[in-house]
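Me: I have a structure to go through with you. I will ask why things are called what they are called. Keep the answers short.

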Amino acid sequence: MSQNQHLFKNDVFTDFIPYKKEYFSLSYTLGFVTDKVPSNLIAEVETKCNKLLEDTSLHQPYNERLVGHINEEYQLPLSENFQKYLFELFKFYCEEAGEKEYSRIIGMCSSPPQFNFALDNWVNFQSKYEYNPPHYHTGLFSWVLWHKIPFTNENEKRYGPGYKKHTDHKNYNGNFIFQFADGFNICDHDFPVDNKWEGTIVLFPSALTHQVFPFYTSDDYRITVAGNIKFK
Ligand SMILES: [Fe+2]
């Protein structure tokens, strides 16, 4: 197990923006991986999103499969290259999470482990005021790519609700958070995702609860691509 960064309850990536493949632990057996997605895969997502928006009626709605209070959600099949990249992130998680966690994951797998990266992927075109309540996913691992974020964290905090609060209070407008138990409390880990985070991906165990807060300062879509990695 390599030295990895340990986060503590109610932690926040205040002045940190992930720029390389990295593992963060939330507890001894729980963590997540962040990375900047390679530009060729971002180009693939960009092309597919643009095509989808040309005529959304040609694409399979995903609303019934997701808990998000988001009107525009569609299935988004991804290339083999994208799936290979997800597999690399998955392997990286296993290597970094430590021997115990690696054994637990591999213990659940058939031998050799076979995964399905292809089918359960989708795109969210989230509008102002829409949100994703606390939830977790089915599958082994899940991931989210922040593709287009049309606001800045500063504006959300300055102009959105809560702006009158003292600066010591955390303001969640536009944020993504993980929620997990440390044995005493329900803790959260906060990602103040804004335009600087475009192209960042996070991969995490599907059972890890997370949510997305609404944003208030843009009329454009906040576009995220997400998926679940399952056994074949
Ligand atoms: Fe989710």
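Reply: Start with strand 12, residues 209–212, where the side chains alternate. His210 and Val212 point to one face and are buried. Thr209 and Gln211 point to the other face and are not buried. Note that this is a predicted model.

Me: What makes strand 7 and strand 12 a pair?

Reply: Pairing takes at least two bridges between the strands. Strand 7, residues 132–135, has two bridges to strand 12. The requirement is met, and the two run antiparallel. One contact point to look at is asparagine 132, whose bridge partner in strand 12 is valine 212.

Me: How do you know that strand 9 pairs with strand 12 as well?

Reply: The same test applies: at least two bridges. Strand 9, residues 176–181, is joined to strand 12 by four, in the antiparallel sense. In this pairing, phenylalanine 178 stands opposite histidine 210. Isoleucine 177 has glutamine 211 as its bridge partner.

Me: Which strands of the open sheet are called edge strands, and why?

Reply: Take the order of the sheet: 7-12-9-10, four strands with antiparallel pairing. Strand 7 and strand 10 (186–191) each pair on one side only, so they are the edge strands. Neighbouring strands in this sheet are turned by 20 degrees against each other on average, direction ignored.

Me: What holds strands of a sheet together in general?

Reply: They pair through backbone hydrogen bonds, either parallel or antiparallel.

Me: What makes strand 8 count as mostly covered?

Reply: Seven of the eight residues in strand 8 (141–148) are buried. Buried means 20 or more other C-beta atoms within 10 Å. Strand 8 also pairs with strand 11, residues 200–205, over six antiparallel bridges. There, leucine 145 has isoleucine 201 as its bridge partner.

Me: Why is glutamine 83 called partly exposed?

Reply: Glutamine 83 has 17 C-beta neighbours inside 10 Å. Buried needs 20 or more, and exposed needs 12 or fewer. The count of 17 falls in between, so glutamine 83 is partly exposed. This residue lies in helix 2. Its C-alpha is 9.6 Å from that of isoleucine 229, although the two are 146 residues apart along the chain.

Me: How do you know that helix 2 has close to the expected span?

Reply: Helix 2 has 18 residues. The expected span is 1.5 Å times one less than the number of residues. That gives 26 Å, and the first-to-last C-alpha reach is 26 Å. The two values agree closely. Glycine 98 follows the helix, with a positive phi near 105 degrees.

Me: Which residues of helix 2 are buried?

Reply: Phe82, Leu86, Leu89, Phe90, Tyr93, Cys94, Glu96 and Ala97.

Me: What makes the largest nonpolar core a core, and which helix gives the most to it?

Reply: A core is a set of buried nonpolar residues joined through C-beta atoms within 7 Å. The largest such set here has 45 residues. Phe90, Tyr93, Trp143, Leu145 and Leu203 have the most contacts inside it. Helix 2 gives the most to this core, with seven residues.

Me: What does leucine 203 touch, leaving aside neighbours within four places in sequence?

Reply: Leucine 203 is in contact with Phe32, Val33, Leu89, Phe90, Tyr93, Phe141 and Trp143. Each of these contacts meets the 7 Å cut-off between C-beta atoms.

Definitions and conventions. Residues numbered from 1 in each chain as written. Predicted model: local features only at pLDDT ≥ 70, side-chain atom pairs only at ≥ 80, totals over all residues. Axes fitted to C-alpha atoms, helices over the stretch in contact; angles between N-to-C directions. Contact = placed C-beta atoms within 7 Å.
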